[in-house]
Amino acid sequence: MAAGGLSRSERKAAERVRRLREEQQRERLRQVSRILRKAAAERSAEEGRLLAESADLVTELQGRSRRREGLKRRQEEAASIPDYRGPNGVWTLLQKGRSVSAADLSEAEPTLTHMSITRLHEQKLVQHVVSQNCDGLHLRSGLPRTAISELHGNMYIEVCTSCVPNREYVRVFDVTERTALHRHQTGRTCHKCGTQLRDTIVHFGERGTLGQPLNWEAATEAASRADTILCLGSSLKVLKKYPRLWCMTKPPSRRPKLYIVNLQWTPKDDWAALKLHGKCDDVMRLLMAELGLEIPAYSRWQDPIFSLATPLRAGEEGSHSRKSLCRSREEAPPGDRGAPLSSAPILGGWFGRGCTKRTKRKKVT
């Protein structure tokens, strides 16, 4: 035994005492938690005495509960669109063979992050936005079309590829109801030439060839001039395959500094100057406060999509069954007001597609 130290048996005894105390503390925490879940009128006198003796634990558990409720509210205040590769993402659930409910995308609105990006662009702190989402929320947040590259398309835009240049039709409903992989016709025709319109969605296994809304030229030009790239909420499992966005032809010392905000690991984490494991809205709220910039509130009355939209022609009203965006509840058709979110399986369109990529088909012998 070293001078002034404890023997091996004494150290083991002290460790056993420490573990016993920790287990007793955990058990007390579990007991207090079970009691707090009961209504005050249902608690026994013994349970009341235990709560009184465990004031510190009660305070800790109540604080945890408040934080959970706050997080839940913030999640509910977000865009109302589930992610794809998260633990409860659309493709994650479908790959596990679990059913996925269809989100009512007409109820989705630009989030705090979308509106923060718009303000940063107004202040010339953000030059260009590259999005792999098809939900059109960056457009609806007020970003100008020239400042957005929607690499995988926009669910509200259909185009005529026979017209030169391509003629765009912005709608206030999801135009992808009848479309799918390699099948892009929407069922409506061009007002000018009568050709079938197509959606703008780029599915897995397809190569995007449209100029707009993909806007690849502006995306690559912005990347080549950027000194900083900020990646918000993307797993980067698809975007990593686009070397032009990462300036991979430049020496590492001359590439833009990369900052990532995401709850999960991404394949670009090792390249990042900083990786924040957090929620985009939380991080952007802190960033805007640090910059002293006010985050504009989203208003449906000022949503650009309504001024950009082309109305349907006579006879086209029945060409879709998707719920249309409305500036207010009062504008919604009587059957749509207060309608709950659909729990029906996803049928057609871009949402939820792509989960079966690289799935091998069984050969029929």
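Student: Does His182 count as buried or exposed, and at what relative accessibility?
Tutor: Happy to start there, with a reminder that this is a predicted model, where local features need pLDDT of at least 70, side-chain atom pairs count only at pLDDT 80 or more, and totals for chains, interfaces and linings use all residues. Residues are numbered from 1 along each chain as its sequence is written, and side-chain values use heavy atoms, leaving out hydrogens and water. Buried means under 20% relative accessible area, exposed over 50%, and partly exposed in between (1.4 Å probe, protein chains only). His182 therefore counts as exposed, at 60%.

Student: Which non-glycine residue in the loop between E7 and strand E8 (257-261) has a positive phi?
Tutor: Strands (E, at least two residues) and helices (H or I, at least four) are DSSP runs numbered from the N terminus. The residue in that loop has 0% relative accessibility, so it counts as buried. Its phi is about 65°, and its name is Leu236.

Student: How is helix H5 (residues 112-122) placed, enclosed or open?
Tutor: Its buried residues include Met115, Ile117 and Leu120. Strand E1 (129-131) and helix H8 (280-291) are among the elements that cover them, by contact (heavy atoms within 4.5 Å). Eight of the eleven residues are buried, so H5 is largely enclosed.

Student: Which residue does a cis peptide bond join to Val164?
Tutor: The residue lies in the loop between strand E3 (157-160) and strand E4 (167-170). Omega is about -5° for this bond, and the partner of Val164 is Pro165.
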